[in-house]
Amino acid sequence: MITIKRASIQLSAMKFSFFILACLPMMMMIAVISESSQQSNDVVALMAFKSFSIQRDPKGLLKSWNSNSLIPCAWKEVICSPDGRVTSLDLSDYSLVGNLHMDDLMALETLQHLHLRGNGFFGNLSHSSNRDFLSCNLETIDLSSNKISGSISDYFFLNHTFSNCHNLNLVNFSNNLLNGSMDISSMSFYKNLSTLDLSYNLLSGLVTPDLESYHASLKYLDLSHNNISGAFKLESCHNLRVLNLSYNSLSSIGFLTSLTDCQMLETLDLSLNSLQNKIPKVLGNLKNLEQLSLAHNQFSGEIPKELGQTCKTLRKLDLSENNLSGGFPSTFIMCSSLESLNIGSNQISGDFLHTIVSNLTALKYLYLPFNNITASIPLSLTNCHQLVELDLSSNGLSGEFPSGFCSSSSIQKILLANNFLSGNVPLELGNCKKLRTINLSFNKLNGSIPSEIWKLPYLTNLVMWGNKLTGIIPQNVCQNGGNLETLIINNNFITGNIPPSLANCNNLSWVSLSNNKITGEIPAELGNLKNLVILQLDTNSLTGEIPAEIGACKSLIWLDLSSNRLSGSIPQELARQSGLINDPNIISLQNVAFLRSGDIPCRDRHGLYESEGIGIQSMEDFFADSSCTSTRINKGVTIYSFTNNGSMIYLDLSHNFLSNKIPDNIGTINYLMVLSLGHNKLTGSIPDSLGGLRQLGVLDLSYNYLEGNIPQSLQSLTLLSELNLSNNDLTGKIPSAGQLATFLPSAYANNSGLCDDLLLPCQSLLQPSPSASDSTEKNYTIEVGLVLSIGAGFAVGILGFGYTLLFKDSWRYAYFGFIEKMHDRISVFVKVKMAKLKNTPETSQGRRR
């Protein structure tokens, strides 16, 4: 029986083996069909994404995606697993545009990594279909730098787009248009979430995250550049490394006390909020902190000495732009790892440069501008032998620059503007062989600029204006080329000629030699400077003709040659560069101030000035003059805003001896805002083409020998705010339309042949009619009405073009401060008008030079 049973079992086993062998081909076929079907599903999902989400593919990068191919693994930027399923899709920076439908991508069942950064995807990511995705393998999703909109809570919370993606490790939705408030504690079921970046969006409202439920995973949290306000709170953050809440609207510092649990925190950035009161001492308990920024808030009081307790790890500390006072705590003397220290724009004082900072041997960047630091610059700062940038601008430093400062220095940038430094320009700076920028403006330095400084091999920015410097610019400057980009030494006592070799520094973008005692001719070689944006040679004693070659400077937007002894004709080549300016980055975001004085004795107090590290009050004091009562100063930054290839915006050739006609093609400089040709010997008529200068805000042709009629085309200059055609030989009727009807009689004074029905009656010119007393009140009422309606309309409708200035103190774009307050203008208008009706000497001035 046993034997029979065994035989039966063996027989059954043999039958089963035969069955398996017989069915194996069919089973393999089923497996292949199943795998092919799964790949086919991936193809369908990807093709649906291409069809419905991609409206533009300018680089043609998705041409390889073809429905005829059943294997998507060969498609560009598609990565598959060994069994042929899609696991990763990276279309970053492809310039793709379209309404993003996440449904199609969520249908990729094995997708783990999705990168769509840097495209033009837009739309709301909430489900647009009835499909429910029961599983999600996504670990990484990067949709940053697109135009995705909608509420962030709609995407990550229960029953929404990514609510089933429990494996998420990295979420980056930065630089989009997401809105609404977000309670991060609601994301607690994302147990593996390590990085969450929602910066540069439109998030707002109350944010109260409780990180305890997933404290083991979250390490990086960036909510910067939003509008988050309210009571931010961190209950637990044991493994958080980076917390960035900068550029928001946080005002309460209460949440900072909860940061004591964040013992692993390495970077804390709370800059550009509205945080007030004293800096909490508890921040000193963060023993692993490497970077701390509390800049641009409203913190007051002293810097807590407890912050020095983080010295073992702290590499970067930024407390700038607050209201901090007192000294710098001595506890920081042990910050041996500190590389960057910025406490600028506070009220810090004391002798800590010598006693504390000089001991920070790892320091590379030291920024202390706009404080109350006095005494002299200590030579002990050379102990910071790794120092790269030093900014001590706008303090109370005095004495001479210490000798030996560059003996063993790697310093590249020295900013000491607006102090009380005296003596000669330090010869020792010639030993700073790596020096790129030196700014010693607004001090009391004298003597010449040492030749060793001119020869520095990497020198890019030489700025020393507003001192008492003498000497000459070396004739061999830039003889062997050079890296010089800005040469700003105006408002000194420099003599000699402008060396032609200066043009060998072909990177020069800003040259300001104005308000010196320079003589000779303007070198024609300057026309070789293709990157030259600003050329200021005004208020010197230059002679000869204006070189036509300057018109070859295709980046030139600012040319000031006023108040010299130049003669000859205005070169028509100056208009050659119109429409050629196309590089917006040469001097964008430069700190500048614009001065404007309407008084002729103060004409040297006008123009554009470099203003880095110099406050507006210091400038007002520097240019203070009892005879210059109308001087205005606006401070801001340069901003490039040409809609097309631009042209010159500022052209001042006034107060010279220029003769002959005004070139017709001046009217082709499309973006010109200021044209000042007054006080010359120009003849002929005013070109009709000037009516094409639609951006013109200031036109001064006064004190010349111009004749003929005022062109009717000038009526089209709707942005004109200042006009002076006085003291010429103009004749005919003053055009009565547009801005020309709003200007004071002084704008047309001493042109014996000019007349107007309101200002200068044509029938009697300068003599009032017998019924003047009857018409006085009528004319007065009409003219004031014109100023109010047309002038005010101009002030409201003004826009910025070309290189404009954004003045932070006035919260508006402006044409360099040329718009006057309307009530001031009306009061002057009334005074002049009434004087004319009484035939007083105020309106009978003779021609004067």
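Visitor: Are Asp42 and Arg85 buried or exposed, and how is such a label read?

Guide: Both Asp42 and Arg85 are buried, a label that stands for under 20% relative accessible area, with exposed meaning over 50% and partly exposed in between (1.4 Å probe, protein chains only). For Arg85 the label follows because its relative accessible area is 6%. This is a predicted model, in which local features need pLDDT of at least 70 and side-chain atom pairs count only at pLDDT 80 or more, whereas totals for chains, interfaces and linings use all residues. Residues are numbered from 1 along each chain as its sequence is written, and side-chain values use heavy atoms, leaving out hydrogens and water.

Visitor: What joins the side chains of Arg85 and Asp42?

Guide: Side chains of opposite charge can pair when their charged atoms come close. Here Asp42 and Arg85 form a salt bridge, with 2.9 Å between the closest N and O atoms; the term requires a side-chain nitrogen of Lys or Arg within 4 Å of a carboxyl oxygen of Asp or Glu. This pair links distant parts of the chain, 43 residues apart, with Asp42 in helix H1 (residues 2–53) and Arg85 in the loop between strand E1 (78–80) and strand E2 (86–90). Helices (H or I, at least four residues) and strands (E, at least two) are DSSP runs, numbered from the N terminus.

Visitor: How many salt bridges are there by this rule, and which residue pairs with Arg117 at 3.0 Å?

Guide: The count comes to six salt bridges, and one of them joins Arg117 to Asp93, at 3.0 Å from N to O. Arg117 sits in the loop between strand E4 (113–115) and strand E5 (120–124), while Asp93 belongs to the loop between E2 and strand E3 (97–99), 24 residues apart. Arg117 counts as partly exposed because its relative accessibility is 31%, and Asp93 is also partly exposed, at 40%.

Visitor: Where does Asp142 lie relative to Arg117 in sequence?

Guide: Asp142 also forms a salt bridge with Arg117, its closest N and O atoms being 3.8 Å apart. Asp142 lies in strand E6 (residues 140–142) and Arg117 in the loop between E4 and E5, so this pair ties together parts that are 25 residues apart in sequence. Asp142 counts as buried because its relative accessibility is 8%. Elsewhere, salt bridges that share partners join Asp42, Arg85 and Glu109 into one network.

Visitor: How is a sheet read, and what order do the strands have in the open sheet of three strands?

Guide: Strands of a sheet pair through backbone hydrogen bonds, either parallel or antiparallel. In this open sheet the order is E38-E43-E45, with parallel pairing; its edge strands are E38 (567–568) and E45 (681–682), each of which pairs on one side only. Two strands pair if DSSP finds at least two bridges between them, and E38 is joined to strand E43 (residues 657–660) by two bridges. Within this pairing, Gly568 stands opposite Leu658 in E43.

Visitor: How many helices and strands does the protein have, and what share of its residues is buried?

Guide: The secondary structure comes to eight helices and 52 strands, and buried residues make up 52% of the 849 residues.
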